[in-house]
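Colleague: Got a minute? I'd like to go through this one with you.
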Amino acid sequence: MEDHFKRFCSICGTRITGRVDKRFCGDGCRTVHHNRSNSETNRHVRLVNGILRRNRRILEKLVPGGMRTVQSTLLFAAGFDFAYHTRYEQDARQSRFYCYDFVYEPAGTGKWKIVKLDEAILHEPNSEGRGAAV
Ligand SMILES: [Zn+2]
């Protein structure tokens, strides 16, 4: 019996026969589909990782001494992308953004206080102490 709705492989366009939930004509096209979607994911992961690494390099360069308050314009000029961070915390008085082992928080109009966290604080299981470093 002819299918009422004609279905086609979403990779090669071949007419699909058999089960109604089939999306591909066969294993070959299914593999192509999975490889494509994996490489899309990897592309996005690489893109975001690249932005975060660049942000970290900028913070490291701007804060050689481990702590500094800088103008936003300095961060923007260096190419810092405020849309990406690795962690975010907020309490009643402050917001904190993390970029790996750096934390930056608003410090008055147009200013950011940047602190490099030390390894000991970062790896404490219940890192209550990390606020003290900021
Ligand atoms: Zn196909």
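Colleague: Which residues make up the largest nonpolar core?
Modeller: Keep in mind that this is a predicted model. The largest nonpolar core has 11 residues: I58, L59, F80, F97, C99, F102, V103, Y104, W112, I114 and V115.
Colleague: And which elements each supply at least two of them?
Modeller: Helix 1, strand 3, strand 4 and strand 5 do.
Colleague: Take Y104. What is Y104 in contact with, leaving aside neighbours within four places in sequence?
Modeller: L59, F97, W112, K113 and I114. Of these, L59, F97, W112 and I114 are listed in the core too.
Colleague: Where does helix 1 lie?
Modeller: Helix 1, residues 27-62, lies across strand 1, strand 3, strand 4 and strand 5. It runs at about 105° to strand 3.
Colleague: Now the sheet. What is the strand order?
Modeller: The order is 1-5-4-3-2, in an open sheet of five strands with antiparallel pairing. Strand 1 (67-71) and strand 2 are the edges, and each pairs on one side only.
Colleague: How many degrees are neighbouring strands turned against each other?
Modeller: On average 25°, direction ignored.
Colleague: Back to that strand 2 edge. How many bridges does strand 2 have with strand 3?
Modeller: Four, in the antiparallel sense. Strand 2 covers residues 87-90 and strand 3 covers 95-99. The two form a hairpin, with four residues between them.
Colleague: Which residue is the bridge partner of R87?
Modeller: Y98, in strand 3. Also on strand 3, R96 stands opposite E89.

Methods: Residues are numbered from 1 along each chain as its sequence is written. This is a predicted model: local features need pLDDT of at least 70, side-chain atom pairs count only at pLDDT 80 or more; totals for chains, interfaces and linings use all residues. Two strands pair if DSSP finds at least two bridges between them. Axes are lines fitted to C-alpha atoms, for helices over the stretch in contact, and angles run from 0 to 180 degrees between N-to-C directions. Two residues are in contact if their C-beta atoms, placed from the backbone, lie within 7 Å. A nonpolar core is a set of buried Ala, Val, Leu, Ile, Met, Phe, Trp, Tyr and Cys residues joined through C-beta atoms within 7 Å. A residue is buried if 20 or more other C-beta atoms lie within 10 Å of its own, exposed if 12 or fewer, and partly exposed in between; C-beta atoms are placed from the backbone.
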